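Good morning, colleagues. Please bring up the sequence and the model, and I will take you through the features one group at a time.

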Amino acid sequence: MQQPHRQTTPELAHTTTRPIHWLATAAALAAVVAASGFLQPDSATAAQVDTKSPTPQAHAVAPPDPAAVHFPLNCGPVKVLVQKKATGDLDGDGRPETVAVVRCDAGSGTPPNGVYVLTQPAGAKPRIVATLVDPKDSFTVTGLTVRDGAVTASLDGYSSPDVPRYQPDVHDKAKWQWRNGAFVRSTPAAAQSA
């Protein structure tokens, strides 16, 4: 009985590992690692991106600080108190504005609030660009939000000078949006249906 003939193939040169192969592989791997170091993505930040803003921001801009603004309140010997603040891009320019609820820091009672919109152009100090609620109107602001380019506030007031100041009898909600170069006041949809 005859054994089948087996053909032996010579060992191919590229299947044998030699030190030069290891050296070439190591050099290629080092080049890939070095190149990936230059191509890393930007570092992450804690700032959230407003996807509804018409102008996306490449770099975060700090909102105006109410502490750096002189508010038009005559508080006599007491200080001006910033009670609430909210920020957001109200005019679609890619820079945040600050809405501040301010009153005199009286020791007792409930002084009326003023609601002011602050802006801060690049390289300048913050400044007031709009008064949404004038303290002369004798409202107390009990709620404030800035969302989707609109300012919403809950207001408590008085129907006449005879109503005790500790018991407001007018409760209103107001909404302001930037339109055609001015803040336009309306009543929020939730308040209309209530």
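I shall begin with Trp 178, which is partly exposed at a relative accessible area of 36%. Please keep in mind throughout that we are looking at a predicted model. The ring of Trp 178 pairs with that of Phe 183 in an edge-to-face arrangement, with 4.9 Å from centre to centre and 70° between the planes. The label follows from the angle, because planes over 60 degrees apart count as edge-to-face. Phe 183, for its part, has 19% relative accessibility and counts as buried. That assignment rests on the cut-off, because buried means under 20% relative accessible area.

How many aromatic pairs does a search of the whole structure find? The search returns 2. Besides the pair just described, the rings of Phe 71 and Tyr 116 have centres 5.4 Å apart and planes at 45°, so this pair is tilted. It links distant parts of the chain: Phe 71 sits in the loop between α1 (19-38) and β1, whereas Tyr 116 belongs to strand β3, and 45 residues separate them. Both Phe 71 and Tyr 116 are buried.

Let me now step back to the overall architecture. The protein has 2 helices and 8 strands. Read from the N terminus, the order of elements is α-β-β-β-β-β-β-β-β-α. Of the 194 residues, 27% are buried. The protein exposes about 14,000 Å², and carbon and sulfur atoms supply 55% of that area. As for contacts between residues at least 6 apart in sequence, 41% join residues at least 24 apart.

We turn next to the sheet that contains strand β3. It is an open sheet of 4 strands, ordered β1-β2-β3-β4, and the pairing is antiparallel. Which strands form its edges? They are β1 (80-88) and β4 (127-133), each of which pairs on one side only. From one strand to the next, the twist averages 30°. Strand β3, residues 114-119, runs antiparallel to β4 and is joined to it by 5 bridges. Within this pairing, Thr 119 stands opposite Arg 127 of β4.

The loop between β3 and β4 contains Pro 121. With 33% relative accessibility, Pro 121 counts as partly exposed. Which residues does Pro 121 touch, if those up to four places away in sequence are not counted? The answer is Arg 95 and Arg 127. Arg 127 is thus the residue that faces Thr 119 across the strand pair and also a contact of Pro 121. Arg 95 lies 26 residues from Pro 121 in sequence, and the C-alpha to C-alpha distance is 8.3 Å.

I move on to strands β5, β6 and β7. Strand β5 (residues 140-147) pairs with β6 in the antiparallel sense over 7 bridges. The two strands form a hairpin with 2 residues between them, and Asp 148 in the turn has a positive phi of about 55°. On its way to β7, the pairing continues: 8 bridges join β6 to β7, again in an antiparallel arrangement. Thr 152 of β6 is a useful residue to follow here. It stands opposite Thr 145, and its bridge partner in β7 is Lys 175. Is strand β6 buried or exposed? Of its 8 residues (150-157), 7 are buried, so the strand is largely enclosed by the rest of the structure.

Finally, I come to charged side chains. The structure holds 1 salt bridge. It is formed by Asp 172 and Arg 185, whose closest N and O atoms are 3.1 Å apart. Asp 172 lies in strand β7 (residues 170-179) and Arg 185 in strand β8 (residues 182-186), so the pair ties together parts that are 13 residues apart in sequence. Are these two residues buried, or do they reach the partly exposed class? Asp 172 is partly exposed, with a relative accessible area of 29%. Arg 185 is also partly exposed, at 42% relative accessibility.

To close, I would recall two points. Strand β6 pairs with β5 over 7 bridges and with β7 over 8, and 7 of its 8 residues are buried. The salt bridge between Asp 172 and Arg 185 connects strand β7 with strand β8. Thank you for your attention.

Definitions and conventions. Residues numbered from 1 in each chain as written. Predicted model: local features only at pLDDT ≥ 70, side-chain atom pairs only at ≥ 80, totals over all residues. Heavy atoms only, no water. Pairing = 2+ DSSP bridges. Axes fitted to C-alpha atoms, helices over the stretch in contact; angles between N-to-C directions. Salt bridge = Lys/Arg side-chain N within 4 Å of Asp/Glu carboxyl O. Buried < 20%, exposed > 50% of the residue type's maximum accessible area, 1.4 Å probe, protein only. Contact = heavy atoms within 4.5 Å. Areas by Shrake-Rupley, 256 points an atom, 1.4 Å probe, with all protein chains shown as cover. Phe/Tyr/Trp six-rings, centres within 6.5 Å; stacked < 30°, edge-to-face > 60°.
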